[in-house]
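Dear colleague,

I am handing over the structure below, and I would be grateful if you could look through it alongside the notes that follow.

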Amino acid sequence: MPVTAQERLSALPEALRAPARTLVMGVVNVTPDSFSDGGRWFDPDAAVAHGLELAAQGADLLDVGGESTRPGAARVPVDEELARVLPVVRRLAAEGAAVSVDTTRASVAQAAVEAGAVLVNDVSGGMADPEMPAVVAGTGAAYVAMHWRGHADVMDAHDLYDDVVADVRRELAERVDALRAAGVRDEQVVLDPGLGFAKTGTSNWPLLAHLPALVADGFPVLVGASRKRFLGHLLADRDGRPAPPAARDHATAAVTALAAAAGVWAVRVHEVAASADAVRVAAAWRAARGVTDDGADDRADDDGVGTRREGRATGRVGHAAVRTPGPEGVR
Ligand code: PMM
């Protein structure tokens, strides 16, 4: 059954369900040790102020996380995670922000939704906590299922793919099956290729280059490239030293533009202002290309003439049908 815009992500404010452009999710890490901004917003007042500033800069959603997923990071006890995120979620939601909680724990997800979060952003796609799918089904919250192969302390060792695009799509489809089996509705689900998670270097680029294939699989897609290692390596200095995280924002905005042009639903970024501009550029670009609202711009021709899909030039990000990828691969 096709999923309508009204049904999709129904826990979200209406404007975020089938938006006319890619959404910008601003990162609010309430952690002492995240790789790019660890400690800066650890105090709840600072985290709330930072979230409100990101909203003022154009963030459509605020993603509050209390556990670092930087490569090698150790787990945070659940009580500590709850103590970090709940006050921030509660206050940002009370300010009228659309709040997402970045957690792999079902108990944190449940408590955060009760505190006002409308989206659960689970980097493990339901694999880290077996209770997560049932909690998502029970709350009705929107749910980001990210591609994941293991916690931060071991994930780099799992960067082993035959064909990273086909493998990630297949493993995401398996997560969708598991979520459905637990009663999660397709309309709740957003998929994320998980850049940097079990992907140390070159594995990230094919996933970005083939985003239209992931978008065409039918679920809204979230992309989190912001300040990640593969951008640091891309921007390395002459001696091969990677650019530090704070020097990766321009490259992040470039990825935002390309991902938005590919039709993703949202990008997750630390520095919001540039990406807020970039998604508007991409929306104008898509509108001028005549991309319809039934999926990705998958035209074979590249000259802007003779489209396979004729349609209204809405530039909308949207997905009329929900389906999981077939076994045929994408390249
Ligand atoms: N990356 C990080 C954290 N959460 N969530 C989703 N859905 N996708 C991502 O790529 C993602 C994420 C790691 O970045 P951070 O430590 O700067 O928050």
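Asp186 has a relative accessible area of 18%, and because buried means under 20%, this residue counts as buried. Its salt-bridge partner is Arg180, with the closest N and O atoms 2.8 Å apart, and Arg180, at a relative accessible area of 32%, is partly exposed. Please keep in mind while reading that this is a predicted model, and that the distances and areas quoted here are computed from it.

A buried acid paired with a partly exposed arginine also turns up in helix H5, which spans residues 164–181. There Arg170 forms a salt bridge with Asp167, the closest N and O atoms being 3.3 Å apart; because the two residues are 3 apart in that helix, about one helical turn separates them. Asp167 counts as buried, with 6% relative accessibility, whereas Arg170, at 42%, counts as partly exposed. This pair does not stand alone, since Arg149, Glu171 and Glu174 are linked with Asp167 and Arg170 in a network of salt bridges. In total the structure holds 18 salt bridges, and one of a further kind is that between Asp239 and Arg241, whose closest N and O atoms are 3.4 Å apart and whose two residues are both exposed.

Turning to the ligand, 17 residues surround it, and the closest are Asn121, Asp192, Lys228, Arg268 and His270. By character, the residues of this shell divide into 6 nonpolar, 7 polar and 4 charged. Among the side chains that approach the oxygen atoms of the ligand, His270 has an N or O atom 2.6 Å from one of them, Arg268 has an N or O atom at 2.7 Å from an oxygen, and a polar side-chain atom of Asn29 lies 3.2 Å from a ligand oxygen. Of the 410 Å² of accessible area that the ligand has on its own, the protein covers 98%.

Finally, there is a nonpolar patch on the surface, of about 270 Å², which is made by Trp205, Leu234 and Leu235. Leu234 belongs to helix H8, which runs over residues 229–234, and with a relative accessibility of 51% it counts as exposed, because the cut-off for that class is over 50%.

With kind regards

Technical notes: Residues are numbered from 1 along each chain as its sequence is written. This is a predicted model: local features need pLDDT of at least 70, side-chain atom pairs count only at pLDDT 80 or more; totals for chains, interfaces and linings use all residues. Side-chain values use heavy atoms; hydrogens and water are left out. Patches are made of residues with over 30% relative accessible area and no salt bridge: like charges are joined within 9 Å, nonpolar side chains (Val, Leu, Ile, Met, Phe, Trp, Tyr) within 5 Å. Accessible areas come from the Shrake-Rupley method with a 1.4 Å probe; for residues, only the protein chains shown count as cover. A salt bridge is a side-chain nitrogen of Lys or Arg within 4 Å of a carboxyl oxygen of Asp or Glu. Helices (H or I, at least four residues) and strands (E, at least two) are DSSP runs, numbered from the N terminus. Buried means under 20% relative accessible area, exposed over 50%, partly exposed in between (1.4 Å probe, protein chains only). A residue is near a molecule or strand if one of its heavy atoms lies within 4 Å of it. A polar contact is a pair of N or O atoms within 3.5 Å; within protein, one must be able to donate a hydrogen and the other to accept it, and residues adjacent in sequence count only if both atoms are side-chain atoms. Ala, Val, Leu, Ile, Met, Phe, Trp, Tyr, Cys and Pro count as nonpolar, Asp, Glu, Lys and Arg as charged, and the others, Gly among them, as polar.
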